[in-house]
Amino acid sequence: MANQSKNPFTWVEIYVNDMNRAQKFYETVLDIQMTSLPMPDGMDNMQMLSFPWAEGERNISGALVKMDDMTAGAGGTLVYFACEDCSMEENRVENAGGKVCQPKMAIGDYGFCSIIMDTEGNTIGLHSMK
């Protein structure tokens with residue numbers, strides 16, 4: 001039987017068409033600073049900006065990714081970002097160039113969530129316990 005206490009998530013990639021526009025959106029809405037990741041030799045057609053994470057801690061991270069073979073847009077993957085109160089981030093979405101698809105709603109014992117669209121057409125979630 002699989003280890004039920006192990007979180008299998010380790011990395012998230014959000015594909016973008018315009019890295020500068022996407023970086024500004026995520027840094028504004030989530031009130032964070034993103035970090036450029038160096039690309040290995042031969043990966044000249046790829047850019048990555050990492051979300052914050054803590055080395056050695058129980059957390060996952062991910063990056064905005066711009067590459068020729070992958071395009072941005074809604075389609076099957078929904079990433080949720082943890083928030084203190086998702087309505088705070090939701091209130092910054094439209095001024096950052098995005099769209100609120102589903103305003104903050106209660107999800108019972110699991111808290112609250114909002115669904116938003118970024119400047120690249122990706123649908124993402126915001127989650128909080130209050």
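Student: Which residue is the bridge partner of Ser36 in strand 3?

Tutor: It's Leu49. Keep in mind that we're looking at a predicted model.

Student: What makes strand 2 and strand 3 count as a pair?

Tutor: Pairing takes at least two bridges. Strand 2 and strand 3, residues 46-50, have two bridges, running antiparallel, so they meet the cut-off.

Student: Why are strand 1 and strand 2 called edge strands?

Tutor: The open sheet has four strands in the order 1-4-3-2, with mixed pairing. Strand 1 and strand 2 (35-36) each pair on one side only.

Student: How do you know that strand 6 pairs with strand 7?

Tutor: Same kind of test: at least two bridges are needed, and five join strand 6 (residues 99-106) to strand 7 (residues 112-117). The two strands therefore pair, in the antiparallel sense. One of the bridges puts Ala106 with Phe112 of strand 7. Five residues sit between the strands of this hairpin, and Gly108 has a positive phi near 65 degrees there.

Student: And how many bridges do strand 7 and strand 8 have?

Tutor: Six, again antiparallel. Ser114 is opposite Leu126 of strand 8. That hairpin also has five residues between its strands, and Gly121 takes a positive phi near 90 degrees.

Student: Let's go inside. What makes a group of residues a nonpolar core?

Tutor: The members have to be buried nonpolar residues, joined through side-chain atoms within 4.5 Å. The largest such core here has 23 residues, and those with the most contacts inside it are Ile14, Tyr26, Leu30, Phe51, Leu64 and Phe81. Strand 1 (11-15), helix 1 (19-30) and strand 8 (123-128) each supply at least two residues of this core. Helix 1 gives the largest share, six residues.

Student: Which residues does Leu30 touch, not counting those up to four places away in sequence?

Tutor: Phe51, Phe81, Glu89, Arg92 and Leu126. There's another core apart from the largest one, with five residues, including Met46, Met48, Ala63 and Val65.

Student: Why is Val93 called buried?

Tutor: The cut-off is under 20% relative accessible area, and Val93 comes in at 0%, so buried is the right word. Val93 sits in the loop between helix 2 (86-90) and strand 6. Beyond its neighbours up to four places away, Val93 touches Phe25, Val29, Gly98, Lys99, Val100, Ile116 and Met117. The C-alpha atoms of Val93 and Asp118 are 7.8 Å apart, although the two residues are 25 apart along the chain.

Student: How do you know that Glu27 has no salt bridge?

Tutor: A salt bridge needs the charged atoms within 4 Å. For Glu27, a buried residue of helix 1, the nearest side chain of opposite charge is Lys24, 9.6 Å away. That distance fails the cut-off, so no salt bridge is counted.

Student: What lies 2.9 Å from a polar atom of the Glu27 side chain, then?

Tutor: The backbone nitrogen of Met34. Leaving aside neighbours within four places in sequence, Glu27 contacts Ile32, Gln33 and Met34.

Student: What makes Glu120 and Arg21 a salt bridge?

Tutor: Their closest N and O atoms are 2.6 Å apart; the limit is 4 Å, so the pair qualifies. The pair links distant parts of the chain, with Glu120 in the loop between strand 7 and strand 8 and Arg21 in helix 1, 99 residues apart. Glu120 counts as buried because 6% falls under the 20% cut-off. Arg21, at 39%, lies between 20% and 50%, so it's partly exposed.

Student: Why is Glu84 called exposed?

Tutor: Exposed means over 50%, and Glu84 has 55%, so it gets that label. Glu84 forms a salt bridge with Lys130, with the closest N and O atoms 3.4 Å apart. At 48%, Lys130 stays in the partly exposed range.

Student: How do you know that Glu89 and Arg92 form a salt bridge?

Tutor: Their closest N and O atoms are 3.9 Å apart, which is within 4 Å, so the pair counts. Glu89 is buried at 7%, while Arg92 is partly exposed at 27%. By this rule the model has four salt bridges, among them the ones we've gone through.

Methods. Residues numbered from 1 in each chain as written. Predicted model: local features only at pLDDT ≥ 70, side-chain atom pairs only at ≥ 80, totals over all residues. Heavy atoms only, no water. Buried < 20%, exposed > 50% of the residue type's maximum accessible area, 1.4 Å probe, protein only. Contact = heavy atoms within 4.5 Å. Lys, Arg positive; Asp, Glu negative; His and termini not counted. Polar contact = N/O pair within 3.5 Å; in protein donor to acceptor, adjacent residues only side chain to side chain.
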